[in-house]
Amino acid sequence: WNKLRGVSSTAVSVVRKCLTVSDEKRPTAAEMLAMEWFKAREGEDDDRVVAEGSIQGIEEFFNETAAKKRILAAIAVQLPAAKIAHVKRAFEKYDANQDGQLDIDEATGALQDLGVKDAAKQRDMFKAMDQDGNGKVDYTEFTAALISTMTDLLEENLWSAFRVIDKDGNGTLDSKELQLVVGSTQFQDLGLQIGMSVEEFMKVLDKNGDGVVCFDEFSEYFLPRD
């Protein structure tokens with residue numbers, strides 16, 4: 001089961017049920033297709049997938065810390081194109097001049113279609129998505145703002161992100177490894193800043209105060225459990 005760390009809980013549930021020893025208790029093909037993990041993927045290629053929960057996702061993104069926004073952007077870059085094809089189609093739909101970026105007018109059109117009518121709120125949400133402050137929202141910034149609505153995909157990719165930061169592979173992140181995130185040239189080259197010191201970042205992540213961050217703490221930061 002260690003090989004399934006970072007895989008969504010719904011996906012793990014499917015695997016467990018498939019491994020049921022008893023033929024009588026093991027789900028049939030029809031029962032499998034009725035499970036939450038499969039049902040969540042029905043119609044994923046439909047553009048409506050982006051609309052459902054998108055506003056909530058962008059609003060949540062607006063309230064996130066700078067550090068979380070930066071890491072979500074880094075994760076967004078790594079997402080398989082095939083799994084977020086619906087996001088790309090939505091982006092291209094509103095990118096009227098096809099320059100690969102949404103200006104304030106194009107982004108406003110998208111937000112209006114998603115139900116945001118208040119002009120001040122539109123501007124605030126645009127600023128939240130525009131992480132580097134250049135007055136444009138590129139595809140990565142757009143995806144990062146929506147990624148919280150794609151819980152399974154985010155959960156699956158958090159483990160990959162954690163392993164990249166965990167340079168010594170011991171399963172925890174120490175201050176030196178978090179420094180690689182805070183001082184990342186990947187972010188600096190994009191004109192981005194984490195917005196907090198290593199000590200502050202550690203304090204936010206390290207819930208039990210043992211001086212290191214395990215994967216559960218890292219995951220909790222991005223996907224808080226009720």
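K203 has its place in helix α14; helices (H or I, at least four residues) and strands (E, at least two) are DSSP runs, numbered from the N terminus. At 72% relative accessibility, K203 counts as exposed, where exposed means over 50% relative accessible area, buried under 20%, and partly exposed in between (1.4 Å probe, protein chains only). The model is predicted: local features need pLDDT of at least 70, side-chain atom pairs count only at pLDDT 80 or more, and totals for chains, interfaces and linings use all residues. Residues are numbered from 1 along each chain as its sequence is written, and side-chain values use heavy atoms, with hydrogens and water left out.

**Helix α14 and its two sides**

Helix α14 spans residues 198-205, and its buried residues are V198, F201, M202 and L205. Seen down the axis of α14, these residues fall within an arc of 100°, so they line one face of the helix; the arc is that of the directions from the helix axis to the C-beta atoms. E199 and K203 are exposed on the other side of α14.

Three residues with a stated relative accessible area are set out below.

| Residue | Location | Relative accessible area |
|---|---|---|
| K203 | helix α14 | 72%, exposed |
| Q179 | helix α12 (residues 175-182) | 40%, partly exposed |
| Q98 | loop between α7 (85-94) and β1 (101-102) | 53%, exposed |

Two C-alpha separations involve residues of this helix. K203 and V213 are 10 residues apart along the chain, with C-alpha atoms separated by 9.6 Å. For Q179 and F201, 22 residues apart along the chain, the C-alpha separation is 9.3 Å.

**Aromatic contacts**

A search of the whole structure finds seven aromatic pairs. Rings of Phe, Tyr and Trp (its six-membered ring) pair if their centres lie within 6.5 Å; planes under 30 degrees apart count as stacked, over 60 as edge-to-face and the rest as tilted. The rings of F201 and Y221 have their centres 6.2 Å apart and their planes at 70°, so the pair is edge-to-face. Because F201 lies in helix α14 and Y221 in helix α15 (residues 215-222), the pair ties together parts that are 20 residues apart in sequence. Both F201 and Y221 are buried.

One aromatic cluster is formed by W159, F162, F215 and F218. Elsewhere, K88 lies over the face of Y139, at 5.6 Å from the ring centre; a charge sits over a ring if NZ of Lys or CZ of Arg is within 6 Å of the ring centre and within 35 degrees of the ring normal.

**Core and overall fold**

The protein chain has 15 helices and four strands. Of its 226 residues, 40% count as buried. The largest nonpolar core has 44 residues, of which I75, F142, L158, L178, F218 and F222 touch the most other members. A nonpolar core is a set of buried Ala, Val, Leu, Ile, Met, Phe, Trp, Tyr and Cys residues joined through side-chain atoms within 4.5 Å. Helix α11 (residues 151-165) contributes the largest share of this core, seven residues.

Leaving aside residues up to four places away in sequence, I75 touches I147, L154, N157, L158 and A161; contact means heavy atoms within 4.5 Å. Among contacts in the protein chain between residues at least 6 apart in sequence, 64% join residues at least 24 apart.

**A backbone feature**

Most residues other than glycine have a negative phi. Q98 has a positive phi of about 55° although it is not a glycine.
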